[in-house]
Amino acid sequence: MAVYTTIDDPSEYFQTAAWSGNSSTQTITNDGNSDLQPDWIWIKQRTSTQWHTVTDTSRGLTKYQYTNSNSTEGTVTNIVTASNTDGFSLGSDQRGNASSQTYVGWQWKANGGTTATNSDGDINSTVQANTDAGFSIITYTGSGTTNDTIGHGLGVEPDIAIFKRRDVANGNWDVQHNDGAPGPITVAFRNTLNLTEGTATNVLSSFSSSTLGLSTGGDAQKNVSGSKYTCYAFKAVQGYSAYGTYFGNGQTNGQFVYLGFKPAMVIFKVLSDPNHGWSIMDNKRSPFNLMDDNLFANSETAETTDSNKCDFFSTGFKLRGSTYPANSGGTNSFSYFAWA
């Protein structure tokens, strides 16, 4: 049975690339059906310990932050040096191109680097939105006023918003997302991308079709006066992306999670246990089932091959591991973020 989608080719909006470093310069070319000029690039060295490096075309490709750290934004000129018509160029920096090391790069397309001022919220934001793919890169400066809002440019209520303070060394990655249940969207969970903590329910944002709510207190500071922030917002698009929750069963014959498409990348996070991080699986590092090449967004550790496996099928994924990071039993609940 055909699945309705407005996106005929998901590789137009998301692709994964894998390569070996050379400590010089090189161009990484995508191999999907469509050309993809990326606007958000997330790189991880696979074979050794190295921080996850993220950059985007809204802040500029010389601006970097690390998903496994609460550190301040840095400026480096020789990691990603260009976003090309079908991939990106690398300099000699070891975070993207050390010799004898292998790497993976996850890439999302927004609006080709073209931004616009958005005045839908109480605070003007700078937005680079792709309404077809349900993805928006937002930058703003905090006002310090409780319950202020920023515009996101998607035109529909997002499912996920990932906030990062850029100008201090203790700015955690704040991830707010819904439960994937049918009916009106409820922002049900808050997690921290650079930590292993379980779900926190305080200081949740309010999502609407035009704005995201902000907070000024606790460890989810998203609106400190004068501070600079980045936010990545996502809306599920049928046949291309899906975000939701499930319960683990602790069995190697785990449950099947229906997505309506074959995933290219899935991020897993246990919600009910504070001791486990964000597991990442993709079809470039593990091109065949069983898939067992694992990286963690919250950790700089090298890629592991372990028993916590899953399968990617034409309409979703099936859990195969009997423990963490994606399928421990009992009352453990998990979230997933998936792209085709």
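R46 sits buried in this predicted model, with a relative accessible area of 16%. That value falls below the 20% limit for a buried residue. Even so, R46 has a charged partner: it forms a salt bridge with E303, and the closest N and O atoms are 3.0 Å apart. R46 belongs to the loop between β3 and β4, while E303 belongs to the loop between β23 and β24 (304-313), so this pair ties together parts that are 257 residues apart in sequence. E303 itself is partly exposed, at 21% relative accessibility.

Two further salt bridges are worth a look. R166 pairs with E73, with 2.8 Å between the closest N and O atoms. Here R166 comes from the loop between β14 (160-165) and β15 (173-178), and E73 from the loop between β5 (63-66) and β6, so the contact links parts 93 residues apart in sequence. Both ends are tucked away: R166 counts as buried at 13% relative accessibility, and E73 counts as buried at 17%. The other pair is K222 and D174, whose side chains meet in a salt bridge at 3.7 Å, N to O. K222 lies in the loop between β17 (211-213) and β18 (228-234), whereas D174 lies in strand β15, so the two tie together parts that are 48 residues apart in sequence. K222 and D174 are both buried. Shared partners also join salt bridges into one network made of R46, D282, R285 and E303. The overall count comes to 13 salt bridges.

As for the fold as a whole, strands dominate the list of elements: the protein chain has one helix and 26 strands. Its C-alpha atoms fill a box of roughly 50 × 50 × 40 Å along the principal axes. A compact globule of 340 residues would have a radius of gyration near 20 Å, and the 19 Å found for the chain agrees with that. Of the 340 residues, 57% count as buried. Among contacts with a separation of 6 or more, 63% come from residues 24 or more positions apart. The accessible surface adds up to about 12600 Å², with 46% of it belonging to carbon and sulfur atoms.

One open sheet has six strands in the order β1-β9-β3-β4-β5-β6, with antiparallel pairing. β1 and β6 (74-75) stand at the edges with a single partner strand each, so one side of each has no neighbour in the sheet. Within this sheet, β9 pairs with β1 in the antiparallel sense over seven bridges, and one such bridge sets A18 against V104 of β9. β9 also pairs with strand β3 (residues 40-45), again antiparallel, over six bridges; there, Q45 stands opposite Y103. Six of the seven residues of β9 are buried, so this strand is largely enclosed by the rest of the structure. Further along, β3 and strand β4 (residues 53-56) are antiparallel partners over four bridges, with I43 standing opposite T53 in β4.

Other pairings involve β8. Strand β8 (residues 87-90) runs antiparallel to β2 over four bridges, and T27 has S89 as its bridge partner. β8 also pairs antiparallel with strand β7 (residues 80-84) over four bridges, and S83 stands opposite F88. β7 and β8 make up a hairpin with two residues between them.

A few backbone details stand out. S23 and S100 both have a positive phi although neither is a glycine, at about 60 degrees for S23 and about 65 degrees for S100. S23 falls in the loop between β1 (14-20) and β2 (26-29), and counts as partly exposed at 38% relative accessibility. S100 falls in the loop between α1 (94-97) and β9 (102-108), and is exposed, at 71%. The peptide bond from N289 to L290 is cis, with omega near -5 degrees. L290 lies in the loop between β22 (278-282) and β23 (291-296).

On the surface, F256, Y258 and F313 make a nonpolar patch of about 280 Å². F256 belongs to strand β20 (residues 256-258) and, at 33% relative accessibility, counts as partly exposed.

Notes. Residues numbered from 1 in each chain as written. Predicted model: local features only at pLDDT ≥ 70, side-chain atom pairs only at ≥ 80, totals over all residues. Heavy atoms only, no water. Patch = residues over 30% accessible without salt bridge, like charges linked within 9 Å, V, L, I, M, F, W, Y side chains within 5 Å. Areas by Shrake-Rupley, 256 points an atom, 1.4 Å probe, with all protein chains shown as cover. Salt bridge = Lys/Arg side-chain N within 4 Å of Asp/Glu carboxyl O. Buried < 20%, exposed > 50% of the residue type's maximum accessible area, 1.4 Å probe, protein only. Pairing = 2+ DSSP bridges. Rg over C-alpha atoms; globule rule 2.2 N^0.38 Å. Contact = heavy atoms within 4.5 Å.
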